[in-house]
Amino acid sequence: MTVSYTLEVADVKFAGFSKLLFRWKGSIYKLLYKEFIVFCLLYSSISIVYRCCLNERQLKLFEQTALYCDSNSNFIPMSFVLGFYVTQAFNRWWGQYTSFPLPDNLMMVVSGNVHGTDERGRLLRRTLMRYANLSSVLILRSISTRVRRRFPTLEHIVEAGFMTEDEQKHLDHLYSDFNKYWMPLTWFSNLASQAREEGRVRDDVALRLLMDELNKYRGKCSMLFHYDWISIPLVYTQVVTVAVYSYFAFCLIGRQFLNPKQEYPGHTLDMYVPVFTLLQFFFFAGWLKVGELIINPFGEDDDDFETNQLIDRNIQVSMLAVDDMHQNLPHLEKDKYWVEKCFTLPYTPATAEGTLKPAFMGSTYDMRFVGEDSSETSIHSSVVDKYLPITVWPQSKLKGKTHRGVTLLCFPGKDSNARNTKAHCKNAGEVQECDVQYVQEGEDICHQIPSEDQNDPKLD
């Protein structure tokens with residue numbers, strides 16, 4: 001089963017990811033522990049031989065070999081090759097996930113456009129969706145080991161109810177050298193055309209909609225088949241594998257702790273356990289294991305796709321949508337806010353504190369502008385000094401006259417309600433009065449045009 005830990009990382013907390021390190025199922029430890037043990041045993045064996053079994057000439061030769069391997073192992077471009085490979089494998093993994101054939105869109109179209117509450121109409125809708133699910137079972141049976149174990153033969157598919165015995169005979173008698181997963185979809189299209197002739201599908205637009213959704217569904221089945229057929233080139237997989245394994249093969253010799261008495265550069269300390277070499281093996285070999293895991297997600301690993309569960313889900317919801325829910329609507333009632341033009345949805349006490357905040361109106365919504373001429377921004381009045389200057393653009397027409405660069409002044413009071421007041425507008429070095437509506441700082445700022453100018457087209 002796919003390992004899910006989404007709930008545990010829903011909130012950022014102290015050592016949030018660290019708690020995931022103690023899981024075993026689906027972990028890197030489960031994937032890598034065998035290779036890690038083999039590497040440790042090989043390193044220990046070489047170290048014991050170096051320390052206990054060699055004479056002086058052999059020691060000298062081994063030490064020179066170790067220095068050579070250590071200095072030249074970095075010529076292997078492991079990080080670049082491995083990083084690019086895992087990136088391609090991840091893109092392939094995501095593409096296979098998005099190509100999984102889900103019948104949701106198709107069952108909505110069938111339920112809404114294949115009419116009839118009698119037995120014939122019900123039979124048409126259920127058969128159409130059964131054909132669609134049969135096609136997905138046939139393609140998944142061809143690419144997924146889990147589904148193949150579940151349905152090893154067509155008889156098992158017949159026993160599960162995806163196909164009748166007569167349909168199996170038709171499928172067997174249709175000769176083809178290639179995979180037959182597309183044949184039930186051909187039955188679907190012919191049956192949909194028959195439903196159109198019977199008037200169950202009422203117009204050609206609805207039939208076209210059925211065909212479009214069917215082709216999308218077929219395209220996903222075909223894409224899964226081609227993902228299984230066309231893999232990442234084998235040579236690239238081989239290059240990556242050779243690069244990683246050869247690098248750590250050289251590390252088995254090159255990362256040995258040599259005799260400090262020989263005073264080799266970088267070998268002044270004799271530690272029996274190569275901590276950083278083991279960490280490096282864990283990271284890079286684990287990275288290779290990640291690529292090996294996600295290159296084909298239709299196996300039986302812990303994090304592979306739950307194909308059998310998806311098959312069960314698809315057949316259940318599709319039959320529910322086209323049968324039990326077809327024209328089975330709840331009674332229409334007026335909603336709770338039928339008579340309210342403006343309403344607020346309730347919150348629980350646990351969510352109200354962090355949710356009931358002013359709505360985001362844009363990053364520049366409360367932006368304040370200051371005129372280019374600093375002399376225009378100062379108004380010598382004890383009343384106007386309480387206001388904040390806000391430049392209005394484009395030009396506004398007030399009192400029948402056009403003023404350029406009009407500066408509106410907004411009073412930053414504590415009252416949250418907007419109010420109408422006589423405000424001072426400054427232009428060209430003089431203070432004039434105009435009818436302007438002001439709101440609080442951070443609230444909507446708007447102005448009222450006098451009634452005699454309301455129909456002036458220049459104000460638009």
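Biologist: Where is D304 found?

Modeller: In the loop between helix 12 (275–294) and helix 13. Helices are DSSP runs of H or I, at least four residues, numbered from the N terminus. This is a predicted model: local features need pLDDT of at least 70, side-chain atom pairs count only at 80 or more, and totals for chains, interfaces and linings use all residues. Residues are numbered from 1 along each chain as its sequence is written, and side-chain values use heavy atoms, leaving out hydrogens and water.

Biologist: How do you know that D304 has no salt bridge?

Modeller: A salt bridge puts a side-chain nitrogen of Lys or Arg within 4 Å of a carboxyl oxygen of Asp or Glu. The nearest side chain of opposite charge, R146, is 5.4 Å away, so the cut-off is not met. Yet D304 is buried, with under 20% relative accessible area (1.4 Å probe, protein chains only).

Biologist: What does D304 touch?

Modeller: T2, R146, L293, N296, P297, F298 and G299, not counting residues up to four places away in sequence. Contact means heavy atoms within 4.5 Å.

Biologist: What makes a nonpolar core?

Modeller: Buried Ala, Val, Leu, Ile, Met, Phe, Trp, Tyr and Cys residues, joined through side-chain atoms within 4.5 Å. The largest has 47 residues; V110, L140, I157 and L210 touch the most other members. Helix 5 gives the most, 11 residues.

Biologist: How do you know that the span of helix 3 agrees?

Modeller: The expected span is 1.5 Å times one less than the number of residues. Helix 3 (residues 78–98) has 21 residues, so 30 Å is expected; its end C-alpha atoms are 30 Å apart, which agrees.

Conventions
Buried < 20%, exposed > 50% of the residue type's maximum accessible area, 1.4 Å probe, protein only. Helix = DSSP H or I, 4+ residues; strand = E, 2+ residues; numbered from the N terminus. Lys, Arg positive; Asp, Glu negative; His and termini not counted.
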